[in-house]
Each structure stands twice: as structure tokens, then as C-alpha cells.
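Visitor: I am new to this structure. Please pick one part, take a close look at it and show me how the rest connects to it.

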Amino acid sequence: MTSHVLSQLRSLEAESIHIIREVVAEMQRPVLLFSGGKDSIVMLHLAAKAFAPARIPFPIMHVDTGLNFQTVLDCRDRWVERLGIQLVVASVQDAIDRGLVKEEPNGSRNRIQTPVLLEAVEKHGFDAAFGGGRRDEEKARAKERVFSFRDDFGQWDPKNQRPEIWSLYNGRVHQGESIRVFPLSNWTELDIWSYIAAENIDIPDLYLAQEREVVERDGMLFAVNEFTPLKEGETSERRSVRYRTVGDANLTAAVASDATTLTAIVEETAAVRITERGATRGDDKVSEAAMEDRKREGYF
């Protein structure tokens, strides 16, 4: 007898595609938040599958901090050209120049991304924004529903969550309100890498191990580049490293690794016991509630 039971990956894929289609059916003007990282790439790949052979019926938006790895921007542009979709760029540097936000002393632009994102959402009239957050990444994201309601200030209240029973999602919003949607909520980092390997999805080469010049700071390995030059008294070394997550180049660390193929990354990921954000994102080490504080302000 032929079995029709879906594999774990195909079940997750089907759930995500259902969520993406539901948003397009319910909402007036959705947008997909795209950073060029592995999660947003998988989300965009799923969106392309959801509406094939037609084009994706909504634009993608990159909140550009101006501190990106160039290889990530190159990968972003390849996806835009390949899929023939509209790219909206909300520039943090432009917002700084206009006086909308001010640079923070610690060099992080994560917190000041929020006003830039909210301004772009209002300017373009987006009432739903797809985000690539997963519940296994971080405590605040574990609290979030698939359809995450945001008030007319773009703020998130974890106590004001709508029930999601039997995969029924409530996208009703009033003027000025919006919904953040997380199609990858139930995926894990291992699921993401297994899917990328199974689908042979195009990703930035930062995710693959190679010899890079790095410096160790606070127990983390940072690539030496224009955003993270050596400080006085520091010395760098050549090590085989890769990135588990991609954020601003000045705050995202690499991990020691020999995983030069997608298969090797899957095997390596299956053995780790700390999330990628906890292991490599310096901006999340500000406090235990760093992510939740930003989400309350309107962050992804």
C-alpha cells in the first residue's frame, strides 16, 4: 500500500505555504521582510512556490542598516532579478542623515531599525509584513503567534494575542494597525538547513566554512573587515569559520567550522545545543530581554 504521510519537511513546507496564501487572501497589501539571511531566503523560496507559475503578488522590503556583508547584498539582488519582484529598500543611513534616528554609541543599528521599518510600513500602506522569525531562536519569539497583531504605533503586546485554533488565522485590522506574519514559526534551525540542502537553495557564501581572518572578542570570533577593524593591542588569525546567522557585519560573529557543504552544515547543526542568535549575535547580549524590548517597540 502506498503511504501518503508527509515527511517533516514537506509538512512544514505545506503549513508555511498555507499561511502565505492565507495572508494574500485576507490582507490588502502584504510585504515580505527580506534580509538576505537563510530564514528570509527560505521564506521567499516558499512564497515563490506558493504562487508558481505566477509571480509573487507582493513586494519584498529590506531594512538596510548600511552595515551589511556585501555577499549578502549580492545574494539579495540575485533573488530579486531571478524572481522579477519589486524590492523596497528602507535605509537606516538615510534616516540618520534626515534626523529620524540617531546613531547609538555601541555601534549597533538594530534598535534604530525600528522607526525606519515603521516609517516604511506607513509610507507604503503595508497592512501585513512577513518575517522569518522562528520560535526556537529566542524567548521573545517563542511567545509570538503566527499572526502577530501590532497596534497603530506598530507595537507588540505579548498579552494581546489572538487564538489560532485549527490553523485559523485572524487578520482583521483597523486603519493604521497591521499584522506581522511568521510562516516559519514551527521550523527549527535544523529544519531550515535540511530544507536548503534538499531544495539546493541559493544562499550567501558566508554560511559555508572557509579560512577567514578573525579576531576573538568576548569569546566570539569576528571577521576582520571594514566594519570590525582590529583594535589597539589585538591580533588576528586565519581560521576555518562560517556564519550561523547573518546580521550587521560589526556585531555578527562566526563559529569555528569545517562545514564546506550543505550536507556538512546539516550534520553540524544537528549536534549543536545553543541557538544561532545566542552563539553569534552580539546585539542580543545587551540584556536577557533585549529582543522582547525591541519587539514591543515595533521590531520584526
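**A helix and its surroundings**

Guide: Start where helix α7 ends: the next residue is N200, and its phi is positive, near 50 degrees. Keep in mind that this is a predicted model.

Now step back into the helix. Helix α7 covers residues 189-199. Several of its residues are buried: E189, D191, I192, W193, Y195, I196 and E199. That list mixes residue types, so take them by their partners.

Begin with E189, which sits in α7. Is E189 buried or exposed? E189 has a relative accessible area of 5%. The cut-off for buried is under 20%, so E189 counts as buried. What does E189 touch, beyond residues up to four places away in sequence? Its contacts are K38, R134, D136, R244, T269 and E276.

Next, look at the helix that packs against α7. This is α1, residues 8-26. The two axes are 10 Å apart, and the angle between them is about 95 degrees. Angles of 65 to 115 degrees count as roughly perpendicular, so α1 and α7 are roughly perpendicular to each other. Which residues meet there? From α1 come Q8, L9, R10, L12 and E13. From α7 come D191, S194, Y195, A198 and E199. Of these α7 residues, D191, Y195 and E199 are on the buried list.

Y195 also leads elsewhere. V42 is in contact with Y195, and with I192 and I196 as well. Its other partners, leaving aside neighbours within four places in sequence, are L184, W187 and I201.

V42 opens the way to the nonpolar core. The largest such core has 57 residues. L32 and V42 have the most contacts inside it. Helix α2, residues 38-51, gives the largest share of this core, with nine residues. The core also draws on two domains, with at least three residues from each. Domain 1 is 8-190 + 288-297, and domain 2 is 201-283. There is a second, separate core too, of 17 residues. Among its members are V63, I112, V121 and A129. As a general point, nonpolar side chains in soluble globular proteins tend to be buried together.

Move along the chain to the sheet. Four strands form an open sheet, in the order β8-β7-β9-β10, with antiparallel pairing. The edge strands are β8 (220-223) and β10 (255-256), and each pairs on one side only. In general, strands of a sheet pair through backbone hydrogen bonds.

Follow β7, residues 210-217, to its two partners. Five bridges join β7 to β9, residues 237-242, and the two run antiparallel. Across this pair, Q210 stands opposite V241, and E213 stands opposite R238. Four bridges join β7 to β8, which also run antiparallel. Here V215 has F222 in β8 as its bridge partner. β7 and β8 form a hairpin, with two residues between them. D218 lies in that turn, with a positive phi of about 55 degrees.

One last stop is helix α4, residues 92-98, which holds D94. D94 is partly exposed, with a relative accessible area of 36%. Along the sequence, D94 and D64 are 30 residues apart. In space, their C-alpha atoms are 9.6 Å apart.

Back to the part we began with. Helix α7 packs against α1, offers I192, Y195 and I196 to V42, and is followed by N200 with its positive phi.

Note on methods: Residues are numbered from 1 along each chain as its sequence is written. This is a predicted model: local features need pLDDT of at least 70, side-chain atom pairs count only at pLDDT 80 or more; totals for chains, interfaces and linings use all residues. Side-chain values use heavy atoms; hydrogens and water are left out. Two strands pair if DSSP finds at least two bridges between them. Buried means under 20% relative accessible area, exposed over 50%, partly exposed in between (1.4 Å probe, protein chains only). Contact means heavy atoms within 4.5 Å. A nonpolar core is a set of buried Ala, Val, Leu, Ile, Met, Phe, Trp, Tyr and Cys residues joined through side-chain atoms within 4.5 Å. Domain bounds come from an automatic or database domain assignment. Axes are lines fitted to C-alpha atoms, for helices over the stretch in contact, and angles run from 0 to 180 degrees between N-to-C directions. Angles under 35 degrees count as roughly parallel, over 145 as roughly antiparallel, 65 to 115 as roughly perpendicular and the rest as oblique.
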